[in-house]
Amino acid sequence: MSASYEVRGGIAVITLNNPPVNGLGYDTRKAVAEGLEKAEDDAAVKAIVITGAGKAFSGGADIKEFGSPKALAEPNLLSLIARVEGASKPVVAAIHTVCMGGGLELALGCHYRVVSPGAQIALPEVKLGILPGAGGTQRLPRAIGVEAALNMIVSGEPVKSELLAQIPGQKLFDRVIEGDLMQGAIAFANEIAAARPLPMVRDLKAKHHDGDAYFGFARNTVKAMAKNFPAPVRCVDAVEQATKAKFDDGMKHEREAFAALMITPESKALRHAFFAERAASKVPDVPEDTPIRDIRKVAVIGAGTMGGGISMNFLNAGIPVVILEMKQEALDKGIAIIRKNYEAQVKKGKLKEDKYAERMALLSTTLSYAELGDADLVIEAVFEEISVKQKVFESLDAVMKPGAILASNTSTLDLDKIAAFTKRPQDVIGMHFFSPANVMKLLEVVRGAKTAPDVLMTVMKLGKKIKKTCVVSGVCDGFIGNRMIEQYSRQAGFLLEEGCTPQQVDKAVEKFGFAMGPFRMGDLAGNDIGWAIRKRRYVEKPNLRYSKTADLLCELGRYGQKTGAGWYDYVPGKRDAIPSELVNDMLGKHRAALGITPRKISDDEIVHRLVYSLVNEGARIVEEGIASRASDIDMVYLTGYGFPLWRGGPMNYADTVGLWNVVQAMKKFAKNPADDAGFWQPAPLLARLAAEGKSFS
Ligand code: T1G
C-alpha cells in the first residue's frame, strides 16, 4: 500500500507511504485519490488531512518513474492535485521534515497547510534540468510572493519552513505546529471543517510592482549564471506568466516548458548524475546495513598541502584530528596553512568566527607516533614513494589500537603492497583525496584485496559525512580517475606532435565544457608530476609509447605556474596563460625530428580523441571490475576532473553520442599512423554494447 487511510474523530487521515521519501509514484497517487473518494463519500468525515510517513512528507515526483508510462498514468500528479483542490471537503496538508518538488505542489493544491518547524521546503526540479511541472511555478508565487518564489525555483535550494512562514502576507502555511504535528493538524482541521468557501491558492493574485524590469533583470542574471542549462531561464518565464496570464493559461505554459525540458540532453545528464551519485554509495557485495566502526578521532600523517586539506574535512564535520609530522617547523607550517584557509573563508563571510575557533579547537599535533594510539582512523598523506609509505605503515602497525583503520592517500602506488607492510591488511584501505582536498568533492575509496567489508562500509559512510562523493575503486595503476587521465594525456601529447598547439587543444576542450584543458591543467598542477610518472612508466611498460613533448618541456625546467613557465608563459603574479613562442618552436623542431608534417586538426577530432580515450579506458576499468558500474566512472569525472555536468560524464556522453558512433570514430583514430592503434581497439565491453545497440546505462 503506498498511502494509508484512517478516520480519527471525523477527520480522514491519508498518509503517504512510499519509502524512502514518499516519491509520488503511480501507486501512491492512486491510493491518495481513493482515500479522497472514501472521505467524500463518508458523511462522518468533516475534513481531510494528508501527511507523509517516515522521514519525509514527500520528496516529490518519483524520479525513478521518469520516462516510464507510470509517470503519466492517471491519476498523474496534475490530475491528483486538481482533484485535491476540487474536493468538496477541506483538505489540510500536514508537512514535516522534507517537502519537495511534486510534494510541495501537492501541498499547494490543498486548501490549508500546517507545518513543523525545521522542515526543508524546496522546488529542486531545476537541479534535474527541468522546472516544477505540477503547478509549482504558478501557485508558489501566489502563496509567498513573486521574488521569494522565483529565488526558490531558480536555485532549487531548500528553505526552512519557519522562515517561509515569516514572509509578510504569505499564504503558504496557515500554522506552524510546534510539538506533535498530527495532533495539531487534526485540531486545526476541526477548527476549519465548516469554513467555506474552501480557499484555493489558484485564486490568489501573483503580482510584482515593477514586473517588466524585475523579470528582465532576473532573466539576464539567470542566463549569465546558467549558460549551459536551459531550465533556469524557463523558470523565470513561467513565474512571469503567473503574474500575467490567467491561472489555467499559466499552467499550460508550465506544462509545455516542462515537456520540452524533460527531453533535453542537459536534463537527462542531470538526472543521470542524480542517480549516479546515489548508486556510487552502494557496494554490490557489501550489504548496506553492515555494522560500521565508530570513528571518533582521526589521525593524519603529514601536514603538507594534502594532509592539511584532508584534516580540514574532518574538522569541518566536527571530528577531532591529530596531525603528525617529523619536525616541528613542518607542523607549524601545516597549521598555518589550515588557519589561512579558514581565515579566508571567514573574510568571505563563508565561515563564522566562532565556528572557525571551534574547528581549530578540535585540532592537535604531535611529533610522536606513540601519541596516535587512540585514533580510530589514520590517513597517511606523505611523499608518494613506496619506501616512505613502508616506514609509515610499519610504524602505524606498531602503535595503532586493534580495530583502527589505516588509510593511505596514495594516488598511484599499489595499495595491496602498502597493506602488506602491516600485520592487519584487513584494516588497510585507500582514501584518495583530490587536491585541494578540503574542496574537491571526489574521494576514491580504494578497496584492497584484503580490505574487510566493514572497513569499506565505514569509510563510505564517513566519506558521506564529510560531504564527499565516494567512489569505490579496485587496485590498479592510477585507480579510476588517474588511469583514465593517463590515456587522455597521451592523446593530448600526440595531438601536439601531429600539429596542434597547446592553446588549440585547451580551447577545444574548454569549449566542449571542461573547466580546464590538459595543458593549462598541467601548468596548474605541475608538469613535473606527470614527468615522474612517465619515467616510472618507461621502465615498467617500455612498449607504451608517449609523446616526448612533455618531457622536452620539463627538461627545460618549465614545470608550469610554479616555475613561472610551462606550456604557456606567465607574467609574474598573474595566472593568465600566454601562448609561448618558445614552446611552439620546440614543438616545430620536435615534429621535424620525427619527420611529421603538421596537419590541421579539427576541434571535433581533438575533443573526440580526448573524450573517447576516457570512454575506452573507462570501459576497460568497468569490465575488469575496478569500478562497479559505468556511472561510477561518470561520478569520478564529474566530481574530480572538471568534466561538464550538463554532459553527465564521459560514459553518459558516449551514450548520448551512441556507442556505435563512438566505435566508428575509434576505428578511424586507429588508422592514424601517428596515433596508437593498439589503444584504439574498443574495450570488449564497449564493442559488445555497440554491436548490440545498447548503452552503458
Ligand atoms: N523520487 C524517487 N526516489 C527518490 C527521490 C524522488 N523524488 N528523492 C530521493 N529518492 C531516493 C534516492 O534515490 C535514494 O534512493 C533515497 O531516496 C534516499 O535519497 C512534477 C516532476 C529528498 C532531500 O528532486 O533532494 O517533483 O539510493 O540519499 O540525503 O514538479 O533525496 O536509497 O535507493 O538523497 O535523506 C523533485 C530529490 C522531483 C528531490 C532526501 N524532487 N531528492 O535526501 O536521502 S521532480 C527532488 C533529494 C518533481 C514535479 C517534478 C533528497 C532528499 P536509494 P538521499 P537524503
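**Ligand shell and Leu-689**

Colleague: Which ligand atom does Ile-63 approach, and at what distance?

Modeller: Keep in mind that this is a predicted model. In it, the Ile-63 atom involved is a backbone N or O. Its partner is a nitrogen atom of the ligand, at 3.0 Å.

Colleague: And how much of the ligand's accessible area does the protein cover?

Modeller: On its own, the ligand has 990 Å² of accessible area. Of that, the protein covers 79%.

Colleague: Which elements give two or more residues to the shell around the ligand?

Modeller: The shell has 27 residues, with Gly-59, Ala-61, Gly-102, Glu-105 and Glu-125 the closest. By class, 14 are nonpolar, 5 polar and 8 charged. The elements you're after are strand S5 (98-100), helix H4 (102-109) and helix H12 (265-280).

Colleague: What distance separates Lys-55 from the ligand's oxygen atom?

Modeller: Gly-59 uses a polar backbone atom, 2.8 Å from a ligand nitrogen. For Lys-55 it's a polar side-chain atom that faces an oxygen atom of the ligand, and the distance is 3.2 Å.

Colleague: Over to Leu-689: is it buried or exposed?

Modeller: Leu-689 sits in helix H29, residues 684-691. Its relative accessible area is 10%. Since the cut-off for buried is under 20%, Leu-689 counts as buried.

Colleague: Which residues does Leu-689 touch, leaving out those up to four places away in sequence?

Modeller: One partner is Leu-659, 30 residues apart from it along the chain, with the two C-alpha atoms separated by 7.2 Å. The full set is Leu-659, Lys-694, Ser-695 and Phe-696.

Terms used
Residues numbered from 1 in each chain as written. Predicted model: local features only at pLDDT ≥ 70, side-chain atom pairs only at ≥ 80, totals over all residues. Heavy atoms only, no water. Helix = DSSP H or I, 4+ residues; strand = E, 2+ residues; numbered from the N terminus. Buried < 20%, exposed > 50% of the residue type's maximum accessible area, 1.4 Å probe, protein only. Contact = heavy atoms within 4.5 Å. Near = heavy atom within 4 Å. Polar contact = N/O pair within 3.5 Å; in protein donor to acceptor, adjacent residues only side chain to side chain. Areas by Shrake-Rupley, 256 points an atom, 1.4 Å probe, with all protein chains shown as cover. Nonpolar A, V, L, I, M, F, W, Y, C, P; charged D, E, K, R; others polar.
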